[in-house]
Amino acid sequence: MLNGAATVTVDLARALHRHVEITWMGITSYGAGQGGSGAVRLRKDIDVDVSGRDVLIVDGVIDTGLTAAWLMTNLRGRGPASIEFCGLFRKPGARGIDIRYVGFDVPDGVVVGYGLDYQGRYRNLRCCARLAPHVYAPPSADLVDHSAHDALTE
Ligand SMILES: O=P(O)(O)OC[C@H]1O[C@H](OP(=O)(O)OP(=O)(O)O)[C@H](O)[C@@H]1O
Ligand SMILES: Nc1nc2[nH]cnc2c(=O)[nH]1
């Protein structure tokens with residue numbers, strides 16, 4: 001897929017000792033696990049006919065598994081000789097989904113770097129990192145401990 005899968009796709013392709021053709025797809029998923037509708041939208045289709053070809057779909061993160069399931073169904077319908085899915089990271093919500101190649105199982109949270117972004121940033125980090133939760137989930141006002149602040153202002 002476009003964006004988040006770019007770095008791992010290129011590195012994986014360079015590690016394979018066989019001819020490969022790379023093409024890109026743009027997908028937006030509104031995963032039910034993130035409070036979304038569970039819908040997938042195709043923003044850019046591949047420009048290769050995959051019928052009779054061995055297809056490996058590569059993605060950076062498998063979160064709810066919605067994107068992976070949608071892509072497998074969609075591309076399988078085009079008559080490939082074989083089709084498998086490879087995800088660099090898999091979140092707990094997708095553990096039950098049958099994925100042939102998984103790099104790392106990771107806890108819930110946001111993984112960034114090595115192609116993966118948070119609001120458009122961090123894709124160019126050479127490493128992968130877990131984003132500090134306060135960046136994407138600021139604590140609710142009810143849960144903030146004001147004691148330190150109060151101590152400073154009294
Ligand atoms: O398992 P799911 O819940 O369907 O989520 C996985 C999708 O989310 C991420 O893409 P994102 O929407 O962040 O877009 P990006 O590739 O542009 O970074 C990831 O690259 C998958 O495509
Ligand atoms: N960059 C990034 N995108 C995601 N989409 C769903 N989960 C993630 C994640 O952990 N990191």
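# Reading the labels in a predicted model

Q: Where is leucine 56 found?
A: Leucine 56 sits in strand β3. Keep in mind that this is a predicted model.

Q: What makes leucine 56 buried, exposed or in between?
A: The count of other C-beta atoms within 10 Å is 18 for leucine 56. Buried takes 20 or more and exposed takes 12 or fewer, so with 18 leucine 56 ends up as partly exposed.

Q: Which residues does leucine 56 touch, not counting residues up to four places away in sequence?
A: They are Glu84 and Cys86. Proline 133 is another matter: that residue is 77 residues along the chain from leucine 56, and their C-alpha atoms are separated by 32 Å.

Q: What makes β3 and β4 a pair of strands?
A: Two strands pair if DSSP finds at least two bridges between them. Eight bridges join β3 to β4 (residues 82-90), therefore they count as a pair, and they run parallel. In β4, cysteine 86 is the residue opposite valine 58.

Q: How do you know which strands are at the edges of the open sheet β3-β4-β5?
A: Look at the pairing. The sheet has three strands in the order β3-β4-β5, with parallel pairing. β3 (54-62) and β5 (101-105) each pair on one side only, and that makes them the edge strands. From one strand to the next, the twist averages 15 degrees.

Q: What makes β1 and β2 a pair, and in which sense do they run?
A: At least two bridges are needed, and strand β1 (residues 26-30) shares five with β2, so they qualify. The sense is antiparallel, and glycine 26 faces lysine 44 of β2.

Q: Why is strand β2 described as hardly covered?
A: A residue needs 20 or more other C-beta atoms within 10 Å to be buried. Strand β2 (residues 39-44) has six residues, and the count of buried ones is zero.

Q: Which residues of helix α1 are buried, and what do they pack against?
A: Thr7, Val8 and Thr9 are the buried ones in α1 (residues 6-15). They pack against β3 and β4.

Q: What covers the buried residues of α2?
A: The cover includes β1, β2, β3 and β4. The residues in question are Leu66, Thr67, Ala68 and Leu71.

Q: What makes a set of residues the largest nonpolar core here?
A: A nonpolar core is made of buried residues of nonpolar kinds joined through C-beta atoms within 7 Å. The largest such set has 20 residues, and those with the most contacts inside it are Val8, Ile57, Val61, Ile62, Phe89, Val111 and Leu116. β3, α2 (66-76), β4 and β6 each supply at least two of its residues. β3 gives the largest share, five residues. As for isoleucine 57, its contacts beyond four places in sequence are Leu71, Leu75, Phe85 and Cys86.

Q: Why is tyrosine 114 labelled buried or exposed the way it is?
A: Tyrosine 114 has 21 C-beta neighbours inside 10 Å; the cut-off for buried is 20 or more, so tyrosine 114 counts as buried. This tyrosine lies in the loop between β6 and β7. Its phi is positive, at about 55 degrees, although it is not a glycine.

Q: And what label does tyrosine 122 get?
A: Partly exposed: 18 other C-beta atoms lie within 10 Å, and that falls short of 20 while exceeding 12. Tyrosine 122 is also found in the loop between β6 and β7, and has a positive phi of about 80 degrees although it is not a glycine.

Q: How do you know whether arginine 126 is buried or exposed?
A: Exposed means 12 or fewer neighbours; arginine 126 has 7 inside 10 Å, so it counts as exposed. Its place is in the loop between β6 (111-112) and β7 (129-130). The C-alpha atoms of arginine 126 and isoleucine 62 are separated by 20 Å, with their positions 64 residues apart along the chain.

Q: Which residues surround ligand 2, and how do they divide by class?
A: The shell consists of Gly4, Val61, Asp63, Val110, Val111, Val112, Leu116, Asp117 and Tyr118. Six are nonpolar, one is polar and two are charged. Gly counts as polar and Asp as charged, which means Gly4 is the polar one and Asp63 and Asp117 are the charged ones.

Q: How many helices and strands does the protein have, and how much of it is buried?
A: Four helices and seven strands, following the pattern α-β-β-β-α-β-β-β-β-α-α along the sequence. Of the 154 residues, 23% count as buried.

Note on methods:
Residues are numbered from 1 along each chain as its sequence is written. Chains are lettered from A and ligands numbered from 1 in the order in which they are written. This is a predicted model: local features need pLDDT of at least 70, side-chain atom pairs count only at pLDDT 80 or more; totals for chains, interfaces and linings use all residues. A residue is near a molecule or strand if its C-beta atom, placed from the backbone, lies within 6 Å of it. Axes are lines fitted to C-alpha atoms, for helices over the stretch in contact, and angles run from 0 to 180 degrees between N-to-C directions. Two residues are in contact if their C-beta atoms, placed from the backbone, lie within 7 Å.
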